[in-house]
Amino acid sequence: MKTIKKNIKSKAYGFLSALSLLCVLCVSCTDAWNEHYDVTEGGMADQPTLLENIKADADLANFYRVITAINGSETLSSPQQLTVWAPKNLTSAQADSIIAVYQDGVNKGLKWEDNRAVTQFFQNHVALYARSVSSLTNDTISMLNRKYMQLVGHSANSGSLDGNPFNEAVLSCNGILYKTDNLQRFFPNVREYLEQQASMDSIIGMIASFDEYELDENASVAGGVVDGKTIYLDSVTVLSNDLLTSLGYIQREDSTYTLVAPTNEVWQREYEKYITYFNYDPTVVNADSLSDVNAKYCIVRGRFFNTSTENRYNRHPEDSLVNTVYTERQSHNPRQNVYYKPNEGILNGLEKVECSNGYVYVDNTGVIDPRTTFFGRRDIEAYYPFYYEIPTNSSNAETVNVSTMSLRRYHYDDEGNVVYGNSYYFAQVTAKSATGETSLTYTLPSTYSGVYYNIYLVTVPDYVTSLPCWFQMSYVEKNDKGAFPSTQTYFDNPHPITADSDVPSADVIIAQSNNQRCYVASAAKVDTILIQKGVQFNYSASGLDDGVVKLTVRSFGPSNATYREKVYTRTLRLNEIILVPFETKEEAEEAADDINAFNDEILEANKEN
């Protein structure tokens, strides 16, 4: 990235001050030259405008043609003091190309200041203030598009701008015109680089689809309130992009980003894979559009990195790189969205392109493993009322009491000292009647279609009764009419209770009907129980307000009071429901009995990429 001087002086010097400066610094300055700068003596004030000088110069005919075609004339005719570096060798073909870019932006509804022909050509050749030069000039200046360039002087009318020579200065009443040998090189930021690459028009097309103009209330002039709404006499709108707001401001010159950008081939391959995760039931409005945007978001969401963001993994970018959707709250899976030794991993072998506000790494193989981004383990807090619904009877009265409780567990070293502690919050569900069953139904959020889920339930022990809890689990899924059926589908325990099981009173469970559906929550420990492996759902709930799958936890066991008081408890203590997705049933079944296997696979995936 270019070295930028931090102490850039942008003060506008008056022409008399410029005269004094030139006289001191430039031995070759003549009286005629000084008078030319002297506004009060009829010097520059009597000169043509910048636009008029450009029009009168045959070397700048194509430059003038572009300026007038893209509505730059008003700027170069205004009283605002400017400096223009005009290319002498602009060809007709180049001029036609720039004008075509401008017209394309107009057709897309872009405002003048957001048009690429303006920002990447016109404003790339113009700077604020009259920038005089001398043999001692060596400054970093900001162009109208906020790109920084190095201005070096050779004499009072020659020098170079970012290495592009100029050998003639024409004074105007509103600034200075320099004639350069070549077009001024445009140094793109990350977004602008993508816009220039035909091989990456898939990702830039996704980004551009979120561009829209929004009212800038601070810059607009309010005229009063009508019907509770502010009416503006002068409305100012600015181009915004919600996608970049959430992922990274790769269009801003004052930000520093790294983007791992997929080529069109990688984009298409990942899109065809991810679109299958977003199959919505036929009643969902705009289902096809929702599927499309979600699949595309899955491709881009893990590819933005801001190394200036403070978190525990971002202190040493050479050791680990964290994408912009990472959050410190990922206690269940801190490795997700984190890439270890990136130069040896995901960035290894990729083409690196320097931009004015960061870097682009060209991904032509697909280096971002979905397991490290969106396709991750989902922990659903069972104690959040947002997720559950309390059962009611025929009179619509609630049949259970639900309380949010907490349990503090401590971990000790070999000498009995506390190493750390964990707080487990949980929903405690008790029956309102002595013989009533306990149950709670959860709506699973943001599930995908077509993937294979391993489902786990985390339970908290009952230290009051020291009894295990016996329960069953079932689910219902929305049908093609968008409705939940009345019939529940029960899960069979992948590890059914047998006479050899390490479960108190296993014989009582075995004697019950449907005993293969019974799960036992430990009375002695916080327990993670495998409920089912390789479960598929037909429809996706991602991006919907309501889920498409409901999961019910229901107490199980004989109603005999002796058993309830001495063998098991019907009080449910539920900490979390965990969903772990897999692409194949074989992967799900292989990892089912090890909840930590998924995290280990993510770490290995980071190392492999």
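The exercises below, each with a worked solution, concern a predicted model.

**Exercise 1. The four-stranded sheet**

Work out in which order the strands of the open sheet of 4 strands lie, and determine which strands form its edges.

Solution. The order in this open sheet is β13-β12-β17-β16, and the pairing within it is mixed. The edge strands are β13 (304–305) and β16, each of which pairs on one side only. The next step is to go through the pairings one by one, recalling that strands of a sheet pair through backbone hydrogen bonds, either parallel or antiparallel. Between β12 and β13 there are 2 bridges, and these two strands run antiparallel; within β12, T258 stands opposite F305 in β13. Strand β12 (residues 257–262) is joined to β17 by 6 bridges, and here the strands run parallel, with Y257 facing G358 in β17. Finally, 5 bridges connect strand β16 (residues 351–355) with β17 in an antiparallel arrangement, in which E351 is found opposite V362 of β17.

**Exercise 2. The surroundings of strand β17**

Decide whether strand β17 (residues 358–363) is largely enclosed or not by the rest of the structure, and state how many residues lie between β16 and β17 in their hairpin.

Solution. The count of buried residues comes first, where buried means under 20% relative accessible area. In strand β17, 5 of the 6 residues are buried, so the strand is largely enclosed by the rest of the structure. As for the connection to its antiparallel partner, β16 and β17 form a hairpin that has 2 residues between the strands.

**Exercise 3. Salt bridges that link separate parts of the chain**

For the salt bridges K179–D59, R65–D96 and R554–E437, locate each partner and classify its accessibility.

Solution. The structure holds 21 salt bridges, and the three pairs can be treated in turn.

- Step 1. K179 and D59 meet through their side chains in a salt bridge of 3.1 Å, N to O. This pair links distant parts of the chain, with K179 in strand β7 (residues 175–180) and D59 in the loop between α3 and α4 (61–69), 120 residues apart. K179 is buried at 4% relative accessibility, whereas D59, with a relative accessible area of 41%, is partly exposed. Both residues also belong to a network of salt bridges that links D57, D59, E168 and K179.
- Step 2. In the salt bridge between R65 and D96, the closest N and O atoms are 2.9 Å apart. Because R65 lies in helix α4 and D96 in helix α6 (residues 92–107), the pair ties together parts that are 31 residues apart in sequence. R65 counts as partly exposed at 30% relative accessibility, and D96 counts as partly exposed at 43%.
- Step 3. For R554 and E437, the closest N and O atoms of the salt bridge are 3.3 Å apart. R554 is in strand β28 (residues 549–555) and E437 is in the loop between β21 (418–431) and β22 (439–444), so this pair ties together parts that are 117 residues apart in sequence. R554, with a relative accessible area of 16%, is buried, while E437 is partly exposed, its relative accessible area being 40%.

**Exercise 4. Positive phi angles outside glycine**

Find where Y129 and N514 are placed, and describe the backbone angle and accessibility of each.

Solution. Y129 is not a glycine, yet its phi is positive, at about 75°. The residue belongs to the loop between β2 (126–128) and β3 (138–142), and its relative accessibility of 23% makes Y129 partly exposed. N514, likewise a residue other than glycine, has a positive phi near 60°. N514 is placed in the loop between α13 (506–511) and β26 (519–521), and with a relative accessible area of 34% N514 is partly exposed.

**Exercise 5. A charged patch and a helix residue**

Identify which residues gather in the surface patch of negative charge that includes E586, and then decide whether E586 and L51 are buried or exposed.

Solution. The patch of negative charge on the surface consists of E586, E587, E589 and E590. E586 is located in helix α15 (residues 585–591), and at a relative accessible area of 56% E586 is exposed, since the cut-off for that class is over 50%. L51, by contrast, lies in helix α3 (residues 50–56) and is buried, with a relative accessible area of 12%. L51 and T68 are separated by 17 residues in sequence and by 9.3 Å in space, C-alpha to C-alpha.

How values were computed
Residues numbered from 1 in each chain as written. Predicted model: local features only at pLDDT ≥ 70, side-chain atom pairs only at ≥ 80, totals over all residues. Heavy atoms only, no water. Buried < 20%, exposed > 50% of the residue type's maximum accessible area, 1.4 Å probe, protein only. Pairing = 2+ DSSP bridges. Patch = residues over 30% accessible without salt bridge, like charges linked within 9 Å, V, L, I, M, F, W, Y side chains within 5 Å. Areas by Shrake-Rupley, 256 points an atom, 1.4 Å probe, with all protein chains shown as cover. Salt bridge = Lys/Arg side-chain N within 4 Å of Asp/Glu carboxyl O. Lys, Arg positive; Asp, Glu negative; His and termini not counted. Charge placed at Lys NZ, Arg CZ, Asp CG, Glu CD.
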